[in-house]
Amino acid sequence: MSQSAVAILSRRIEKMATAPTLVASGRVTQFDGQIIECDGFPVSVGSICHVTGPSGTIIDAEIIGFKNGQNVAFLYDQNADIEVGALVSVANNGREVQVGESLLGRVIDAHGHPFDGLGPLHLAETWPLYGKSVNPLDRAPITQPLDVGVRSVNALLTIGKGQRVGIVAGSGVGKSVLLSMMTRFSKADVIVVGLIGERGREVGAFVEQAMTAASREKICVVAVPADRAALLRIRGANRATAIAEYFRAKGKDVLLIMDSLTRVAHAKREAGLAMGEQPTAKGYPPSVVSMIPNLIERTGTGGLGEGAITSIYTVLADGDDTTNDPVVDTARAILDGHIVLSRKQTQLGIYPAIDLTTSVSRVMNEITDTQHQKAAQKFKRLVYLYLENRDLMLMGGYAAGQDPELDLAIALWPQITAYVAQQANESADYTTCKQNLIDLMAE
């Protein structure tokens with residue numbers, strides 16, 4: 001064969017090797033402003049599709065189901081200009097996220113694109129968006145406390161490495177400040193923060209407060225503001241959890257902070273109702289109740305050779321109702337403890353406004369010694385007695401000497417409030433918190 005024939009054959013082989021692969025696609029048949037239906041083509045639920053707008057713009061959508069032979073997709077752009085007959089093509093299966101060490105110190109969105117203007121990310125590894133199942137018998141027990149840098153939590157509601165905790169609060173009681181303190185002062189190896197459904201202003205403020213020069217190199221923030229589509233908020237929560245799982249598999253002790261679990265539930269409610277699910281209590285469809293345990297159970301301790309994910313979820317209590325909200329009830333049932341923030345304590349000027357009488361850590365007794373436990377129980381008892389009788393004392397209805405334990409609570413109240421109060425820029429290490437509590441309760 002001549003050299004020219006060989007060259008021609010080589011070029012043809014190269015063209016065959018670089019020929020574009022076939023892309024499954026269809027045309028829009030129906031659009032209601034948020035959900036599109038298109039011709040049925042092979043695709044799985046959760047896949048990302050590209051919809052071509054009238055001016056050639058590309059709008060992202062996610063496959064959420066199938067109906068009467070049609071594919072049903074939820075648009076990420078809530079103000080998209082879509083015409084009947086628009087081309088819909090598969091972009092990717094949407095089930096893998098890119099991960100790597102270079103995520104630390106960065107702020108990304110639900111798709112993993114940088115928010116911070118620090119340039120592109122170079123990530124060589126992937127992790128399943130919905131995680132890898134872990135045999136519960138392979139999970140290591142929770143045996144060590146995690147220093148979160150907040151005095152009242154370290155000493156009175158001690159959190160263990162691998163514990164799942166909820167912060168239950170109404171609006172405006174210092175939730176964001178408490179989370180910022182934990183993010184900056186925690187002794188975890190890696191901190192992953194999911195800011196889901198928050199106001200855009202709060203996202204910027206949190207990043208500015210939390211990502212200081214000292215803590216930036218161990219923090220990754222996944223931010224999906226409230227004006228983003230419902231499925232993006234859900235995807236952001238799953239991406240933050242997947243990143244935490246990746247670092248746990250690397251043997252790291254990870255702190256996952258998600259603000260807020262309620263906003264994720266609201267997004268799932270929006271998507272579920274759009275799909276025609278029947279609403280139950282407060283309009284939440286059944287898929288919300290199943291989503292919350294699935295998301296939370298992905299965290300916790302890992303298997304042999306792995307680290308642990310200590311997860312902290314904020315749960316908004318509408319109207320300060322911490323007992324009858326479906327999301328609060330579902331989260332409280334699956335979590336290993338809850339921290340309730342009290343509006344009454346904010347009125348007393350006590351910050352962080354943690355209501356010690358209704359908050360609990362279910363693993364505290366397993367990771368602390370007897371002396372610490374007794375001091376914490378006594379402290380909580382004195383706080384309860386003082387607050388329960390405060391109105392009576394203000395009205396002059398109590399005389400000293402009637403109840404020795406209440407007398408002790410009254411005498412120690414200035415020291416008690418000074419102990420739990422903590423400035424937002426003040427860090428309190430676990431060992432010192434514990435010893436100061438024991439010394440105070442020994443008086």
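## Strands at the start of the chain

Strand E1 (residues 25-31) and strand E2 pair in the antiparallel sense, and three bridges join them. This is a predicted model, so please read everything below in that light. The two strands E1 and E2 make a hairpin with three residues between them. In that turn, Gly33 has a positive phi of about 100°. Looking across the pairing, Val28 has Cys38 in E2 as its bridge partner.

E2 also pairs with strand E5 (residues 70-75), again in the antiparallel sense, over five bridges. Here Ile35 stands opposite Phe74 in E5. With E1 and E5 both as partners, how much of E2 is covered? Four of the five residues of E2 (residues 35-39) are buried, so the strand is mostly covered.

## Cysteines without a bond

How many disulfides does a search of the whole structure find? The search finds zero. Cys38, met above as the partner of Val28, is in no disulfide, and the nearest cysteine sulfur, that of Cys49, is 6.6 Å away. A disulfide needs the two sulfur atoms within 2.5 Å, which is why this pair does not count.

Cys38 is buried, with 1% relative accessibility. Cys220 is buried too, at 0% relative accessibility.

## Two nonpolar cores

In soluble globular proteins, nonpolar side chains tend to be buried together. In this model the largest nonpolar core has 60 residues, and Met182, Val221, Ile312, Phe379 and Leu437 touch the most other members. Apart from it lies another core, of 58 residues, which includes Val72, Phe247, Leu256 and Leu295.

Met182 is a good place to begin exploring. Leaving aside residues up to four places away in sequence, Met182 touches Val148, Val150, Val153, Ile167, Leu255, Ile257 and Ile312.

## An enclosed helix

Met182 is also one of the buried residues of helix H3. Is helix H3 (residues 175-185) largely enclosed or largely open? Eight of its eleven residues are buried, so H3 is largely enclosed by the rest of the structure. The buried residues are Lys175, Leu178, Leu179, Ser180, Met181, Met182, Thr183 and Phe185.

## Aromatic pairs

A search of the whole structure finds four aromatic pairs. One of these is formed by Trp127 and Tyr246, an edge-to-face pair with 6.4 Å centre to centre and 75° between the planes. Trp127 lies in strand E9 (residues 125-128) and Tyr246 in helix H5 (residues 230-249), so the pair ties together parts that are 119 residues apart in sequence. Both rings belong to buried residues: Trp127 has a relative accessible area of 10%, and Tyr246 has one of 3%. Ring pairs link Trp127, Tyr246 and Phe247 into a cluster. Phe247 was met above as a member of the 58-residue core.

Phe379 and Tyr419 form another pair, with ring centres 5.6 Å apart and planes at 55°, so this pair is tilted. Phe379 is in helix H11 (residues 370-394) and Tyr419 in helix H12 (residues 404-420), and the pair links these distant parts of the chain, 40 residues apart. Phe379 counts as buried at 0% relative accessibility, and Tyr419 counts as buried at 7%.

## Charges over rings

Which residue lies over the face of Trp127? Lys132 does, at 4.1 Å from the ring centre. Tyr419 has a charged neighbour as well: the charged end of Arg151 sits over its ring, 5.8 Å from the centre.

Methods
Residues numbered from 1 in each chain as written. Predicted model: local features only at pLDDT ≥ 70, side-chain atom pairs only at ≥ 80, totals over all residues. Heavy atoms only, no water. Core = buried A, V, L, I, M, F, W, Y, C linked by side-chain atoms within 4.5 Å. Buried < 20%, exposed > 50% of the residue type's maximum accessible area, 1.4 Å probe, protein only. Contact = heavy atoms within 4.5 Å. Pairing = 2+ DSSP bridges. Phe/Tyr/Trp six-rings, centres within 6.5 Å; stacked < 30°, edge-to-face > 60°. Lys NZ or Arg CZ within 6 Å of the ring centre and 35° of its normal.
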